[in-house]
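The following exercises concern helix packing and empty space in one protein model. Each task is followed by a worked solution.

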Amino acid sequence: MIEIAIMGHGVVGSGVAEIITSHKQKLYSAIGEEIHIKKILDLREFPDSPLADRFTKNFDEILNDVEIRVVAEVMGGIHPAFEYVSKLLAAGKSVATSNKELVAAKGAELLRIAKENNVNFLFEASVGGGIPIIRPLNQCLVANNVKEIAGILNGTTNFILTKMIKDGMGFDEALKLAQKLGFAERNPAADIEGHDAVRKICILASLAYGKHIYPDNIHTEGITNITLEDVKFAKKFDCVIKLIGDVKVLDDDRMDIFVAPMLISKNSQLANIDNEFNGIMVRGDCTDDVVFYGKGAGSMPTASAVVADIVDCGKHLKRRKFLFWVDSDNENILPYNESRTAMFLRLKSGDKAVAIERFGDIQVIAEGDECALITPVLTIGEIEQNLEGIDVLSKIRIGDL
Ligand code: HSE
């Protein structure tokens with residue numbers, strides 16, 4: 001029997017407890033031993049839970065219990081999750097987490113502590129919810145030089161954009177619906193301003209390139225400025241608007257990494273990833289494009305990935321799986337104004353002539369007193385320079401995805 005503890009009994013934590021209880025036999029066959037939940041840490045009371053006798057409010061009961069070998073951290077946030085996870089790893093317990101904020105901020109440090117103590121720190125659920133992406137990137141695609149990773153990494157914003165594109169729904173109404181359906185973070189700013197997505201692309205970049213990429217250093221735009229007018233003009237260019245986390249390594253070894261809304265062609269493999277679904281495209285030099293698709297949020301999909309990590313930890317007690325990256329000062333990150341892209345611009349019709357003069361012979365679609373165009377590929381700095389004195393209504397990157 002493998003004794004485990006679960007820290008947090010919220011959306012994901014309750015899903016983890018449910019899967020372990022309802023899939024007992026399935027998990028037994030996967031690992032050859034029963035996984036038994038010995039403790040659940042939560043400050044709230046759950047008197048009606050069938051596991052009511054396992055709840056504790058005292059972290060030390062988990063830390064000091066030598067029978068508990070694997071712990072799921074599904075509390076969210078950095079503190080006290082970081083302190084708890086550090087102590088658990090140092091005490092020789094493996095940890096599986098869904099906490100992208102924790103991994104993005106402290107991954108290098110926690111991986112080092114895990115290595116020093118010959119235990120595992122796994123985080124499949126931190127990116128893409130139920131979609132396998134950490135393990136495929138770390139194992140199945142390991143023979144590739146990863147040229148680029150581009151993903152729809154946030155279910156809430158994808159749901160909102162889908163409602164705007166397909167149903168003509170306004171931003172606020174779509175956000176309320178996403179919150180009602182339980183996709184959104186408690187604080188929706190993390191979703192709609194791109195912070196959730198940037199944590200996830202940083203985790204993928206750290207894994208793919210072996211050095212910790214800190215979200216604070218990365219250009220992050222959300223979808224709060226996207227309007228139904230942008231959506232309408234995008235359609236005229238045969239594109240849809242998606243919030244994309246993107247990373248690629250340039251020939252000079254600098255990393256071009258950002259989160260921003262993008263116009264992508266309706267023919268892109270990411271264009272039809274709708275609603276709360278996530279899609280992640282990995283461009284390998286051997287495989288070419290590989291796309292991972294599925295539910296990136298929600299209790300059971302995310303819990304499914306946490307339980308898979310618990311099983312993996314259970315199968316590798318006293319043995320380390322190779323999942324590692326080193327700390328880094330991020331000095332190889334390309335300044336955003338040097339990032340190269342074509343840009344969708346929505347302008348007042350009166351600025352059409354000056355835009356053509358500055359950007360060259362480009363297609364301009366005019367409607368009423370507004371017009372939209374797509375610039376040639378330039379650096380962000382060059383585009384900004386060309387836009388001096390022009391009243392820009394919208395500016396959205398074009399994705400070659
Ligand atoms: N709020 C997140 C999302 C949850 O919408 O994708 C999963 O990380």
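Angles under 35 degrees count as roughly parallel, over 145 as roughly antiparallel, 65 to 115 as roughly perpendicular and the rest as oblique. The model is predicted: local features need pLDDT of at least 70, side-chain atom pairs count only at pLDDT 80 or more, and totals for chains, interfaces and linings use all residues. Residues are numbered from 1 along each chain as its sequence is written, and side-chain values use heavy atoms, with hydrogens and water left out.

**Exercise 1.** Describe how helices α5 and α10 are placed with respect to each other.

Solution. Helices (H or I, at least four residues) and strands (E, at least two) are DSSP runs, numbered from the N terminus. Helix α5 covers residues 100-116 and helix α10 residues 195-209. Their axes come within 9 Å and cross at roughly 50 degrees; axes are lines fitted to C-alpha atoms, for helices over the stretch in contact, and angles run from 0 to 180 degrees between N-to-C directions. Helices α5 and α10 are therefore oblique to each other. Their crossing is left-handed (the near helix is turned anticlockwise from the far one by less than a right angle; clockwise would be right-handed).

The next step is the contact itself (heavy atoms within 4.5 Å). Helix α5 contributes Lys100, Glu101, Val103 and Ala104, while α10 contributes Asp196, Arg199, Lys200 and Ile203. By class, these are three nonpolar, no polar and five charged residues. Ala, Val, Leu, Ile, Met, Phe, Trp, Tyr, Cys and Pro count as nonpolar, Asp, Glu, Lys and Arg as charged, and the others, Gly among them, as polar.

**Exercise 2.** Carry out the corresponding analysis for helices α7 and α8.

Solution. Helix α7 (residues 155-167) and helix α8 (residues 171-180) pack at an angle of about 135 degrees, and their axes are 9 Å apart. The pair is therefore oblique. The crossing of α7 and α8 is right-handed. On the α7 side the contact is made by Thr156, Phe159, Ile160, Lys163 and Met164, and on the α8 side by Phe171, Ala174, Leu175, Leu177 and Ala178. This contact has eight nonpolar, one polar and one charged residues.

**Exercise 3.** How many cavities of 30 Å³ or more does the structure hold, and what lines the largest cavity?

Solution. On a 1 Å grid over the protein atoms alone, a cavity is a set of points where a 1.4 Å probe fits but cannot get out, and a pocket is an open set with protein on both sides within 12 Å along at least five of seven lines; lining residues have an atom within 4 Å of a point. Grid points are joined across faces, edges and corners, and a volume is the space filled by probe spheres set on the points.

The structure holds two such cavities of 30 Å³ or more. The largest has about 70 Å³ of space. Its lining includes Leu122, Phe123, Arg135, Asp309 and Lys321. Helix α6 (134-140) gives the largest share, four residues, and α12 (299-315) also gives two or more. The lining divides into four nonpolar, two polar and five charged residues.

**Exercise 4.** Which residues line the second largest cavity?

Solution. This cavity holds about 40 Å³ of space. Its lining consists of Ile20, Lys24, Leu27, Tyr28, Glu33, Glu34 and Ile35. Helix α2 (residues 24-31) supplies the largest share, three residues. Four of the lining residues are nonpolar, none polar and three charged.
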